[in-house]
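Colleague: Before this structure enters our calculations, I should like to go through its architecture and its cysteines with you.

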Amino acid sequence: MENASSVKEFILLGLSEDPGVQKICFVLFLFFYMLIVAGNLLIIITVTSGQPLTSPMYFFLCYLSFVDICYSSVTAPKMLADFLVGNKTISFVGCMAQLFGVHFFGCTEIFILTVMAYDRYLAICRPLHYTTLMTRRVCGRMVIGSWVGGFMHSIVQTLLTIQLPFCGPNKIDHYFCDVHPLLQLACTDTYAMGIAIVANSGMITLSSFFILVMSYVVILVSLKRIGWHKALSTCGSHITVVILFFGPCTFIYIRPSSNLLEDKSIAVFYTVITPMLNPPIYTLRNKEVKSAMRKLWSRKVGSENGK
């Protein structure tokens, strides 16, 4: 779609304009990004290596880890590069591509987390029907549906934004291209557009969050007979991830933005912190995953010693 903007590139102001702070941030976020890639890649390798992790939960966890790597990779490499250079520009096309990627992978993660909650609900509340309902084909369709839903949401956000005229300031007070900062740069009235974008994001976030909350409430009530402590330990990892991801997302996208400094600080949680914490959250208290990782490591060491 042709855009009438005179602006051909944007300048990302990043998390800080202080050179000293930028150097510290570079080291810190480089470490975070390495943990994101290594941790989530380890889960993917463990689940797909032929170890006995064949239940639907691990099938979905594998895709969640893949999405987390992609999601953080849309923003982190550019952010890290900008910490080291003075010219923090991004082309108009690159900005729209980054916007698309952030919403595509972010929304896909929302849907996968929702599917994982439904999976836990069936496994705990309807165990006798679980294997019949959650077949490999059904799981595959749920994952495909998550990708399609993420694509549809992202294409709407991108098409709405790309039509805006940008003819004045080109400094984005953020570390990546997102809808709210771009709306503030458009040289036209963006009130109606802002409402449409908030409605699009808010509807998906709130409806998914409602399904998640209801699923876990039913699960916890069903597990009450075994004690709250054990019930929480059973679903604690899932609930923790949901809170870490949905809390910041809900805060950012269900209301018109008024404080971009606040927004970009909160955005760090769902673009960097949550993808980094997902691997330890899902593995530290999961005996099956830890056992599979130990077997994978033993097999790796054994094969090297046998050479």
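The exchange below takes up the fold, one helix pair, the cysteines and one strand residue.

Colleague: What is the order of the elements of the protein chain from the N terminus on?

Modeller: I should say at the outset that this is a predicted model. The secondary structure of the protein chain comes to 10 helices and 3 strands. Read from the N terminus, the order is β-α-α-β-α-α-α-β-α-α-α-α-α.

Colleague: What share of the contacts in the protein chain with a separation of 6 or more comes from residues 24 or more positions apart?

Modeller: The protein chain has 307 residues, of which 53% count as buried. As for the contacts with a separation of 6 or more, the share from residues 24 or more positions apart is 80%.

Colleague: Is helix 2 roughly parallel or roughly antiparallel to helix 3?

Modeller: Helix 2 covers residues 56-84 and helix 3 residues 92-125, and their axes come within 9 Å. The axes cross at roughly 160 degrees. Angles over 145 degrees count as roughly antiparallel, so the relation of helix 2 to helix 3 is roughly antiparallel.

Colleague: How many nonpolar residues does the contact of helix 2 with helix 3 have?

Modeller: Helix 2 passes helix 3 in a left-handed crossing. By class, their contact has 5 charged residues and 5 polar ones, and the number of nonpolar residues is 16.

Colleague: How are the bonded cysteines paired when numbered in sequence order?

Modeller: The structure holds 2 disulfides. One joins cysteine 95 to cysteine 177, and another joins cysteine 167 to cysteine 187. In each case the S to S distance is 2.0 Å. Numbered in sequence order, the pairing is 1-3, 2-4.

Colleague: What is the handedness of the disulfide of cysteine 95 and cysteine 177?

Modeller: Both cysteine 95 and cysteine 177 are buried. The torsion about their S-S bond is about -120 degrees, so the disulfide is left-handed.

Colleague: How many residues apart in sequence are the parts that cysteine 95 and cysteine 177 tie together?

Modeller: Cysteine 95 lies in helix 3, whereas cysteine 177 lies in the loop between strand 3 (171-172) and helix 6 (179-185). The pair therefore ties together parts whose separation in sequence, in residues, is 82.

Colleague: Is cysteine 167 buried or partly exposed?

Modeller: Cysteine 167 is in the loop between helix 5 (136-162) and strand 3, and its partner cysteine 187 is in the loop between helix 6 and helix 7 (191-222). Cysteine 187 has 37% relative accessibility and so counts as partly exposed. Cysteine 167 has 49%, under the 50% above which a residue is exposed, so cysteine 167 counts as partly exposed.

Colleague: Why is cysteine 107 not bonded to cysteine 249?

Modeller: Cysteine 107 counts as buried because its relative accessibility is 3%. A disulfide requires sulfur atoms within 2.5 Å. The closest cysteine sulfur to that of cysteine 107 is in cysteine 249, and the distance is too far for a bond, at 9.7 Å.

Colleague: What distance separates the C-alpha atoms of threonine 89 and isoleucine 11?

Modeller: Threonine 89 lies in strand 2, residues 89-91. Leaving aside neighbours within four places in sequence, threonine 89 is in contact with Glu9, Phe10, Ile11 and Lys78. Although threonine 89 and isoleucine 11 are 78 residues apart along the chain, their C-alpha atoms are separated by 4.4 Å.

Terms used:
Residues are numbered from 1 along each chain as its sequence is written. This is a predicted model: local features need pLDDT of at least 70, side-chain atom pairs count only at pLDDT 80 or more; totals for chains, interfaces and linings use all residues. Side-chain values use heavy atoms; hydrogens and water are left out. Axes are lines fitted to C-alpha atoms, for helices over the stretch in contact, and angles run from 0 to 180 degrees between N-to-C directions. Helices (H or I, at least four residues) and strands (E, at least two) are DSSP runs, numbered from the N terminus. Angles under 35 degrees count as roughly parallel, over 145 as roughly antiparallel, 65 to 115 as roughly perpendicular and the rest as oblique. A crossing is left-handed if the near helix is turned anticlockwise from the far one by less than a right angle, and right-handed if clockwise. Ala, Val, Leu, Ile, Met, Phe, Trp, Tyr, Cys and Pro count as nonpolar, Asp, Glu, Lys and Arg as charged, and the others, Gly among them, as polar. Buried means under 20% relative accessible area, exposed over 50%, partly exposed in between (1.4 Å probe, protein chains only). Contact means heavy atoms within 4.5 Å.
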